[in-house]
There are 2 protein chains.
Amino acid sequence: MKAKASIVEPQSYSISELAREFDITTRAIRFYEDKGLLKPERRGQTRVYSPEERVRLKLILRGKRLGFSLDESREIIDMYDPAHGNVEQLQRLLERIAQKRTQLQQQLRDIESLMGELDDAETRAEAALVKSRKEENP
Amino acid sequence: MKAKASIVEPQSYSISELAREFDITTRAIRFYEDKGLLKPERRGQTRVYSPEERVRLKLILRGKRLGFSLDESREIIDMYDPAHGNVEQLQRLLERIAQKRTQLQQQLRDIESLMGELDDAETRAEAALVKSRKEENP
DNA sequence: GTTTACGTTGACGTAAACGTAAAGCAAACG
DNA sequence: CGTTTGCTTTACGTTTACGTCAACGTAAAC
């Protein structure tokens, strides 16, 4: 029993719709296609994006937020699709998954420490602010 | 009562020592200096790095792991130093701290979801691997 | 005394990720 | 019918973050 909300997901998107939604340029979207990360259909000349393509775009942008290159994002996206068939490839896939996980764990640690330092910096800045206000209003 | 370990921290480092330690090139280190992220002293012509400069380098590299540009890393590093004096600057600093925190929280969410997806992908890949092995050894 | 190691300053090259016109087609509007 | 709107391809430009020589200095090692 899946209860869908009353907002129906569009079955297709234009390039400028996607650009507006994600606040990027159409140039960027075409660039991702050039690099093999997107493969929209064509209605004549014009690009038509399916909901699946839209998801791929979201994954690309999430990758960017995490500092991934487009090649890295492509690799990650490729991890979702069917199973790459043979044993060797599957083992390489499992290795890459493990590597990515390790990298993400490092990023988690980096974020934690940076968060702590931001807290400290904030504390000092607030203290300095109070002091600064006193000096300006003695 | 602080009990220091028996390993004494060097009081200074050469550029190639730092390059080896962090597995980067001396070219990169000089580049960071060009961009104003490092300011080593000089013994004659030669650069001499204090432990503090070494920490700054570590912060730069942590920034890179989080996908920050050098400009962003410089901003973050600048958040640590004395208090920038006047009220306006302190308020801008507090704003930037808040912004960075928001960004890091987004990164945390991104990592969480990606971690989950890696788990799924791993599960599927392992299943496909078992199946693939059976087919090769029927 | 010269090879070897390590350092220096240019200066040019390059890969990634787009930005920015330029020029053209195609439907839709007034 | 002309023009605005939206899309297309082609192509050169730009920024970031270094890589890669080249040519030179200095100092220890053989």
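## Exercises: two chains and two DNA strands

The surface near DNA strand D divides into five nonpolar, six polar and six charged residues. Here Ala, Val, Leu, Ile, Met, Phe, Trp, Tyr, Cys and Pro count as nonpolar, Asp, Glu, Lys and Arg as charged, and the others, Gly among them, as polar. A residue is near a strand if one of its heavy atoms lies within 4 Å of it.

This is a predicted model, in which local features need pLDDT of at least 70 and side-chain atom pairs count only at pLDDT 80 or more, while totals for chains, interfaces and linings use all residues. Residues are numbered from 1 along each chain as its sequence is written, chains are lettered from A and ligands numbered from 1 in the order in which they are written, and side-chain values use heavy atoms, leaving out hydrogens and water.

**Exercise 1.** Find the residues closest to DNA strand D and the elements that supply its surface.

*Solution.*
- Step 1: Start with the 17 residues that surround DNA strand D; the closest are A:Ser16, A:Arg47, B:Thr25, B:Tyr32 and B:Lys64.
- Step 2: Turn to the strand itself: of its atoms within 4 Å of the protein, 66% belong to sugar or phosphate and the rest to bases.
- Step 3: Look for polar contacts (pairs of N or O atoms within 3.5 Å). A side-chain N or O atom of A:Arg30 is 2.9 Å from a phosphate oxygen of DNA strand D, and a polar side-chain atom of A:Arg42 lies 3.2 Å from a phosphate oxygen. For B:Arg27, the partner is a base oxygen of DNA strand D, at 3.0 Å.
- Step 4: Now name the elements giving two or more residues: α1 (15-22), α2 and β2 (46-48) of chain A, together with α2 of chain B. Helices (H or I, at least four residues) and strands (E, at least two) are DSSP runs, numbered from the N terminus. The most comes from α2(B), with four residues.

**Exercise 2.** Work through the surroundings of DNA strand C in the same way.

*Solution.*
- Step 1: Among the 17 residues around DNA strand C, the nearest are A:Thr25, A:Lys64, B:Ser16, B:Arg30 and B:Arg47.
- Step 2: Sugar or phosphate accounts for 68% of the atoms of DNA strand C within 4 Å of the protein.
- Step 3: Polar side-chain atoms reach a base oxygen from A:Arg27, at 3.0 Å, and a phosphate oxygen from A:Tyr32, at 2.8 Å. A:Lys64 also has a side-chain N or O atom 2.8 Å from a phosphate oxygen of DNA strand C.
- Step 4: Here α2(A) gives the most to the surface, with four residues.

**Exercise 3.** How can chain A be laid on chain B?

*Solution.*
- Step 1: Superpose the copies by least squares on the C-alpha atoms of residues with pLDDT of at least 70 in both.
- Step 2: A turn of 180° and a shift of 0.0 Å along the axis lay chain A on chain B with an RMSD of 0.1 Å.
- Step 3: The two copies are therefore related as by a two-fold rotation axis.
- Step 4: Within chain A, the C-alpha nearest this axis belongs to A:Gly67, 1.8 Å away.
- Step 5: Compare contact residues (heavy atoms within 4.5 Å): 100% of those of chain A recur in chain B, so the same surface serves both copies.

Definitions and conventions
Polar contact = N/O pair within 3.5 Å; in protein donor to acceptor, adjacent residues only side chain to side chain.
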